[in-house]
Amino acid sequence: MIVLGLESSCDETAAALVEDGRRVLADVVASQHEVHAPYGGVVPELASRAHIVNVVPVLRAALDRAGITLDQIGGVAVTCGPGLIGALLVAVQAGKALAWARGLPLVGVHHLEGHLAAVHLEPDPPPMPHLALIVSGGHTSLVKVEDHGVVVELGRTRDDAAGEAVDKGAKLLGLGYPGGAVIDRLARTGDPRAFDFPRGMIGRNTGDDFSFSGLKTALLHHVRAHGQPDGQPLADVCASYQAAIVEVLVAKTRRAARREQLDHVQVCGGVAANGALRAALRAAGTEDGFVVHVPPPARCTDNAAMIAAAGYHRLVRGDRDGLDLNATATMPLPRRARTGSMHG
Ligand code: KG4
Ligand code: ZN
């Protein structure tokens, strides 16, 4: 079955066609980074408007690239939350219109369930159950994945998400929006031990939760005390700041893997594109004996192939949403439940 995936939860308009939850026929992403860059962050109203302009061309491009027509699609999967409400509504409405017009089954997908499915498009996906570190612009969670769409959340951030920490750090350093990839690149030539930024909630008895808000404050104090860094000092600040995030993420992940006795670990979400995080997790896996699964960088950041893959697993299980499917801005991963129980 070929599933059409649609995603518009934040600042990417995306459409993808995936066969049997495994084979990507087309994966088209229209980024709005230039739209929001002058404002240093996503402007929700501008995001909604850009999604409206982009959604049909992106869908057409996906069909063209796959070389198929609407007649060959067997189901429609659309991100229904969490995210920016006006942005989410665009893909939800487009998906509903298509499902209605073509008589196709429709399923709403939790955005994080989509991120978790990205790695299942790779040649050697992790077995169930496995541990997952989800690190995106809006979320940071450690979850035990028991099956497709069935997760137990072990811990989450108490304040900023990891992606928020890198984006706010980049903004403080005048590196523009979104800053994750820029910090990643600059950090490559910097010394991660040059400056000692705080490691939030790293202690033995802090559980699986995270905290990154103190880190951004420490960077603010650093910039106030030493001025805006440039050249090598800027690379050193980027490397040290990034190391503070990566070290905590890796320490908590390996601790949870050991405790839960899970020997397969995946990392997903935009921050999983980070070179230092990928390398550090792989090194930890080699040392501790767990296998690390990570999607290619373009499938870590928002895309619709992951939504189509997650939607496929829901559709084959018989999950269906009606034309009353709505977009939901806040859809937290429940502590112990199927993510599907959160729909509408
Ligand atoms: O998953 P995603 O595309 O959107 C959300 O669901 O939020 O994640 C976006 C986040 C942004 O904070 C962005 O700066 C960060 O992922 N990011 C990175 C890298 N590429 C994207 N962070 C660190 N290193 C990267 N290479
Ligand atoms: Zn995302």
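## Two cis bonds and a positive phi

P129 is placed in the loop between helix 4 and strand 6 (130–135); helices (H or I, at least four residues) and strands (E, at least two) are DSSP runs, numbered from the N terminus. The peptide bond that leads from M128 into P129 is cis, with omega near -5 degrees.

A cis peptide bond also joins Y177 and P178, where omega is about -10 degrees. You can find P178 in the loop between helix 5 and helix 6.

## How to read this model

This is a predicted model, in which local features need pLDDT of at least 70 and side-chain atom pairs count only at pLDDT 80 or more, while totals for chains, interfaces and linings use all residues. Residues are numbered from 1 along each chain as its sequence is written, chains are lettered from A and ligands numbered from 1 in the order in which they are written, and side-chain values use heavy atoms, with hydrogens and water left out.

## Around ligand 1

Let's turn to the ligand. Ligand 1 is surrounded by 19 residues (each with a heavy atom within 4 Å of it), and the closest are H115, G137, D167, D184 and D302. Domain 1 (2–116 + 300–343) and domain 2 (127–294) both give residues to this shell, so ligand 1 lies between them; the domain bounds come from an automatic or database domain assignment.

Backbone N or O atoms also come up to the ligand: one of G270 lies 3.0 Å from an oxygen atom of ligand 1, and one of G163 lies 3.2 Å from an oxygen atom of ligand 1.

Definitions and conventions. A polar contact is a pair of N or O atoms within 3.5 Å; within protein, one must be able to donate a hydrogen and the other to accept it, and residues adjacent in sequence count only if both atoms are side-chain atoms.
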